[in-house]
Amino acid sequence: MALLAGVIAVPVANGAVSGQGSGSAAKGQGNHCRLDAKSGKTQCFKSLDSATGIQGSERLLDASTGKAKALGETRAGDKPVASSGVSTKDESNIIGATVFEDTKYGGASLTITNTALCDGDADDVDFKIDLGDDWKKKISSIQPWGNCTLNLYSEPGQGGDRDGPFDELTPNIGNVMDDRTQSITFS
């Protein structure tokens, strides 16, 4: 837990984000993508470290899964593994969350950025997104960042079933929203 608490989010490097939302061209570049929530642009990479702009992202997740009580751990059981709240000195491009296709932070990932940290008030939505077609109904684990608490919805526009709040590393989001999420709010 202490290892994750000390992580500092840094601005996403490598200049402007290229490609639009959910295009197969962007997906072909790698299976770890970064979505700018403000512009809707997506850029894909070959590694999680490159997508987040934080060296060691993969090692942090590996360390957290070693503390999980079992492969099938869900949020319905004990408190999820560890907090991933982060702080930053530069609020120009802040990571709000990284979502993963498989449980225990496996498979493809989508790192979602915004222009500011979340304010930490679970009753106040700081920003929201509808997932592109290549991410609808695929999320199985999540890593909140930037002081954000996430709520997951089964329909676009925050409709349908809701599960949350998720404010910590969650290696298995559970049956309510596993492979069902189509929109997310960040508080």
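In the predicted model, strand β7 and strand β9, the latter spanning residues 183–186, run antiparallel and are joined by four bridges. One position in this pairing is Asn151, whose bridge partner in β9 is Thr185. Strand β7, which covers residues 150–155, is also joined to strand β8, residues 159–166. This second pairing is again antiparallel and again comprises four bridges. Within it, Leu152 stands opposite Asp163 of β8, and Glu155 stands opposite Gly159 of β8. Strand β7 thus has bridges both to β9 and to β8. Burial accompanies these pairings: five of the six residues of β7 are buried, and the strand is mostly covered.

The connection between β7 and β8 is a hairpin with three residues between the two strands. In this turn, Gly157 adopts a positive phi of about 65°. Strand β8 itself contains Pro165, and the peptide bond leading from Gly164 to Pro165 is cis, with omega near 5°.

These strands belong to a chain with four helices and nine strands. In sequence order, the elements follow the pattern α-α-β-β-α-α-β-β-β-β-β-β-β. The chain has 187 residues, of which 49% count as buried.

Positive phi values also occur at two residues that are not glycine. Tyr105 has a positive phi of about 65° and is located in the loop between β3, residues 94–102, and β4. Its relative accessibility is 9%, so Tyr105 counts as buried. Asp179 has a positive phi of about 55° and lies in the loop between β8 and β9. With a relative accessibility of 38%, Asp179 counts as partly exposed. The two residues therefore fall on either side of the 20% limit under which a residue is termed buried.

Another loop residue with little accessible area is Trp145, for which the computed relative accessibility is 2%; Trp145 therefore counts as buried. Trp145 is placed in the loop between β6, residues 141–144, and β7. Trp145 and Thr113 are separated by 32 residues in sequence, while their C-alpha atoms are 9.3 Å apart in space. Thr113 falls within the residue range 106–114 of strand β4.

Charged side chains were examined next. Side chains of opposite charge can pair when their charged atoms come close. A search of the whole structure finds two salt bridges. In one of them, Asp161 is paired with Arg180, and the closest N and O atoms are 2.7 Å apart. This pair links distant parts of the chain, since Asp161 belongs to strand β8 whereas Arg180 lies in the loop between β8 and β9, 19 residues away. Both partners retain some accessibility: Asp161 counts as partly exposed at 39% relative accessibility, and Arg180 counts as partly exposed at 30%.

The other salt bridge joins Asp133 to Lys136, with 3.4 Å between the closest N and O atoms. Here the partners fall into separate accessibility classes. Asp133 has a relative accessible area of 58% and is therefore exposed, whereas Lys136, with a relative accessible area of 26%, is partly exposed.

Like charges are also brought together on the surface. Asp119, Asp121, Asp123 and Asp124 gather there in a patch of negative charge. One of these residues, Asp121, is situated in the loop between β4, residues 106–114, and β5, residues 127–130. The relative accessible area of Asp121 is 35%, so Asp121 is partly exposed. This value satisfies the requirement of over 30% relative accessible area for membership of a patch.

Several of these features meet around β8. This strand is joined to β7 by four bridges, contains Pro165 and contributes Asp161 to the salt bridge with Arg180. The loop that follows, between β8 and β9, holds Arg180 as well as Asp179, the latter with its positive phi of about 55°.

Key
Residues are numbered from 1 along each chain as its sequence is written. This is a predicted model: local features need pLDDT of at least 70, side-chain atom pairs count only at pLDDT 80 or more; totals for chains, interfaces and linings use all residues. Side-chain values use heavy atoms; hydrogens and water are left out. Two strands pair if DSSP finds at least two bridges between them. Patches are made of residues with over 30% relative accessible area and no salt bridge: like charges are joined within 9 Å, nonpolar side chains (Val, Leu, Ile, Met, Phe, Trp, Tyr) within 5 Å. Accessible areas come from the Shrake-Rupley method with a 1.4 Å probe; for residues, only the protein chains shown count as cover. A salt bridge is a side-chain nitrogen of Lys or Arg within 4 Å of a carboxyl oxygen of Asp or Glu. Lys and Arg count as positive and Asp and Glu as negative; His and the chain ends are not counted. The place of a charge is taken as NZ of Lys, CZ of Arg, CG of Asp or CD of Glu. Buried means under 20% relative accessible area, exposed over 50%, partly exposed in between (1.4 Å probe, protein chains only).
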